[in-house]
Amino acid sequence: MTDTHERRRDWEQRYHAGQTGWDRGDASPALARWLAQGAIPRGRVLVPGCGHGHEVAALVRYGCQVTAVDIAAPPVLRLMAELAELGLQANVVQADLLHWQPAEPFDAIYEQTCLCALDPSHWADYARRVADWLLPGGRLLALFMQTGRDGGPPFDCPLPDMRTLFDAARWRWPDAPPLEVPHPNGLVEQGIEIVRR
Ligand SMILES: C[S@@+](CC[C@H](N)C(=O)[O-])C[C@H]1O[C@@H](n2cnc3c(N)ncnc32)[C@H](O)[C@@H]1O
């Protein structure tokens, strides 16, 4: 799994160098909004590409059974230590999402800028995996990074492309416009809630 080793090395280098411009330092306001709306079920929730996982404690406190996955050791170890300090329980896993399989499917997936971290050559595979990880009727709450430029990471995730990737054959899309979620780094994320058919 050389590809996994390379991906892991690249992301761990970013963490060791403190190049974590994606990190808000706190949970996204989108999470508070979705929790207040009851958009996230109190069931099994996956947080892929969790990074420092500021959202994980909030989800656990809300009543979710959370699995958080990241390829890089530094954020995984930090998140495990933080949860232990808070006396909260979650399943925090270091794994490559392009190979990982859960033992059981999830009721919801909170995908905060994980897709934009993957090379677009892996997007179709990742989108298939996300669909497989969810139960029928399960929800994908996604924050898609908008960069408006070529290259990455972060790679641009324009909504029309996301509609093609998370296609209508497998997903029910809302009529409502996406949430516009400004990031402290100057970029904007678009938040959508789609349902697995
Ligand atoms: C843009 S960061 C987002 C982190 C976090 N969700 C946040 O919003 O702060 C992307 C994260 O995905 C992780 N990642 C990248 N490729 C991955 C892969 N193939 N499998 C698992 N995690 C991956 C990186 O280590 C990084 O923590």
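**Exercise 1.** In which loop does T113 lie?

*Solution.* This is a predicted model. Find strand β4 (106-112) and helix α5 (123-133). T113 lies in the loop between β4 and α5. Now check its backbone. Phi of T113 is near 55 degrees, a positive value in a residue other than glycine. Most residues other than glycine have a negative phi.

**Exercise 2.** Find which residues surround the ligand and make polar contacts with it.

*Solution.* Start with the surroundings. 17 residues surround the ligand, and the closest are Y15, G49, D70, D96 and Q112. Next, look for polar atoms. Q112 places a polar side-chain atom 2.7 Å from a ligand oxygen atom. T113 does so with a polar side-chain atom at 3.4 Å from an oxygen atom of the ligand. L97 uses a polar backbone atom, 2.9 Å from a ligand nitrogen atom. Last, take the cover. On its own the ligand has 600 Å² of accessible area, and the protein covers 97% of this.

**Exercise 3.** Describe how α3 and α4 cross.

*Solution.* Two packed helices are described by the angle and the distance between their axes. Take α3 (residues 54-62) and α4 (residues 73-86). Their axes come within 10 Å and cross at roughly 35 degrees. The crossing is right-handed. H54, V56, A57 and R61 of α3 make the contact with R78, L79, L83 and L86 of α4. By class, the contact has five nonpolar, one polar and two charged residues.

**Exercise 4.** Locate the cis peptide bonds at P153.

*Solution.* Go to the loop between β5 (134-146) and α6 (159-165), where P153 sits. A cis bond joins G152 to P153, with omega about 5 degrees. Another cis bond joins P153 to P154, with omega about 0 degrees. Most peptide bonds are trans.

Conventions:
Residues are numbered from 1 along each chain as its sequence is written. This is a predicted model: local features need pLDDT of at least 70, side-chain atom pairs count only at pLDDT 80 or more; totals for chains, interfaces and linings use all residues. Side-chain values use heavy atoms; hydrogens and water are left out. Axes are lines fitted to C-alpha atoms, for helices over the stretch in contact, and angles run from 0 to 180 degrees between N-to-C directions. Helices (H or I, at least four residues) and strands (E, at least two) are DSSP runs, numbered from the N terminus. A crossing is left-handed if the near helix is turned anticlockwise from the far one by less than a right angle, and right-handed if clockwise. Contact means heavy atoms within 4.5 Å. Ala, Val, Leu, Ile, Met, Phe, Trp, Tyr, Cys and Pro count as nonpolar, Asp, Glu, Lys and Arg as charged, and the others, Gly among them, as polar. A residue is near a molecule or strand if one of its heavy atoms lies within 4 Å of it. A polar contact is a pair of N or O atoms within 3.5 Å; within protein, one must be able to donate a hydrogen and the other to accept it, and residues adjacent in sequence count only if both atoms are side-chain atoms. Accessible areas come from the Shrake-Rupley method with a 1.4 Å probe; for residues, only the protein chains shown count as cover.
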